[in-house]
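Here is a quick tour of one chain, going from the overall build to a few strands worth a closer look. Have the viewer open as you read.

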Amino acid sequence: MEHKTYTRLRQVCLATENIRLSEGILARVLGLSPCHRSTLPDYGLENSLFVIGASFIELVAPIEKNTAVSRFLKKNNGLGGYMAIFDCEDTALRKQLLNLQFIDIIAERQGEKADLIQLDPRKTGLTMVELDHHKEGRRRMDGYEWAGPNWQKHVYQAVVEDIVKFSFRCHDPIKKADQWRRFLITTKKQAPDKPASIALDHGTLEFENCPPDAKEYFSEIHLITHSRKSVLQRARQEQLETAEDRFHFCGVDVVLIDSESS
């Protein structure tokens, strides 16, 4: 069966040593409750998901020593997002494309309801990338296996409406955007005046410059909000680092975009 090609920004995965502490902070700051929790012994972690619009913030914490998450936390010292996750039409087709680009697959899973492939971050740079296909998830509000069967009941958009952008810090933004554009196929027309950004079928990726001696990393997630001032006030109450339009949480800046200007 032929599938229409699409790539959607869908989920950011943030690593923490203490999942219940981080979960409580995020819940209070954004006025949300988790839509799903689980333990994933194959990956040595536990997780907690928050739905924002039809996209997700996932918190993960190690439950064993010497897991990928624990190594990430130790190596990065709390800097950067752990994983960027995208929806696509068919992981098998994407795997063929990645092989042609010499990008290795470090993990894959094929299931009744969803498939995934995880790309080697040594080949992509910046962060681990995961491509998913949810067989009942043609539209964003349809099935999303990782969030459980009833995640739509947790959609609450009075405070934050959606996740619309991921940003990355790297040494050569245009070169890195070009590399990612080749494996993140999208039907969206790319803006010629923004060579260091990628327009997806939902959301945008933006690659920004960092000094040559600085670490490259997954730096920001951008949320549309209806109440930026109150979100920032609650972030300060939680003793998070804040600025005029953002707060820092689990290694990334959460940038708040006023709904009127989005």
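Two strands are taken to pair if DSSP finds at least two bridges between them. With that in hand, take Phe168, which stands opposite Phe218 in β12. Keep in mind throughout that this is a predicted model.

## The chain as a whole

Let's step back for a moment. The chain's secondary structure adds up to six helices and 15 strands. Its radius of gyration is 17 Å, close to the 18 Å the globule rule gives for 262 residues, so the chain is as compact as a globular protein of that length. The C-alpha trace spans about 50 × 40 × 40 Å along its principal axes.

How much of the chain counts as buried? The figure is 52% of the 262 residues. If you look at contacts with a separation of 6 or more, 65% of them come from residues 24 or more positions apart.

## Surface and charge

About 12,800 Å² of accessible surface belongs to the chain, with carbon and sulfur atoms holding 48% of it. As for charges, there are 36 positive and 38 negative ones, and their mean positions sit 0 Å apart.

## Strand β8 and its two partners

Now for β8, which covers residues 128–134. Seven of its seven residues are buried. That goes for both faces: Met128, Glu130, Asp132 and His134 lie on one side, Val129, Leu131 and His133 on the other, and all are buried.

Which strands does β8 pair with? One is β5 (residues 83–88), which runs parallel to β8 and is joined to it by five bridges. Here Asp87 stands opposite Asp132. Another is β7 (residues 114–119), paired with β8 in the antiparallel sense over six bridges. In that pairing, Gln118 has Glu130 as its bridge partner.

## The seven-strand sheet

Further along the chain there's an open sheet of seven strands with mixed pairing, in the order β10-β11-β9-β12-β15-β14-β13. Its edge strands are β10 (197–199) and β13 (242–243), each of which pairs on one side only. As a reminder, strands of a sheet pair through backbone hydrogen bonds, either parallel or antiparallel.

Strand β9 (residues 160–170) shows both senses: it pairs with β11 in parallel over six bridges, while eight bridges join β9 to the antiparallel β12 (residues 217–225). On the β11 side, Phe166 has Leu205 as its bridge partner, and Ser167 stands opposite Glu206. On the β12 side, we're back to Phe168 opposite Phe218. Eight of the eleven residues of β9 are buried, so this strand is largely enclosed by the rest of the structure.

## A closer look at Thr204

Thr204 belongs to β11, which runs over residues 204–209. Why does Thr204 count as partly exposed? Its relative accessible area is 26%, and the partly exposed class lies between the 20% below which a residue is buried and the 50% above which it is exposed.

What does Thr204 touch, leaving aside its neighbours within four places in sequence? The contacts are Leu9, Val164, Lys165, Phe166, Ser197 and Ile198. Among these, Phe166 is the residue already met as the bridge partner of Leu205. Thr204 and Ile163 are 41 residues apart in sequence, with 9.6 Å between their C-alpha atoms.

Note on methods:
Residues numbered from 1 in each chain as written. Predicted model: local features only at pLDDT ≥ 70, side-chain atom pairs only at ≥ 80, totals over all residues. Heavy atoms only, no water. Helix = DSSP H or I, 4+ residues; strand = E, 2+ residues; numbered from the N terminus. Rg over C-alpha atoms; globule rule 2.2 N^0.38 Å. Buried < 20%, exposed > 50% of the residue type's maximum accessible area, 1.4 Å probe, protein only. Contact = heavy atoms within 4.5 Å. Areas by Shrake-Rupley, 256 points an atom, 1.4 Å probe, with all protein chains shown as cover. Lys, Arg positive; Asp, Glu negative; His and termini not counted. Charge placed at Lys NZ, Arg CZ, Asp CG, Glu CD.
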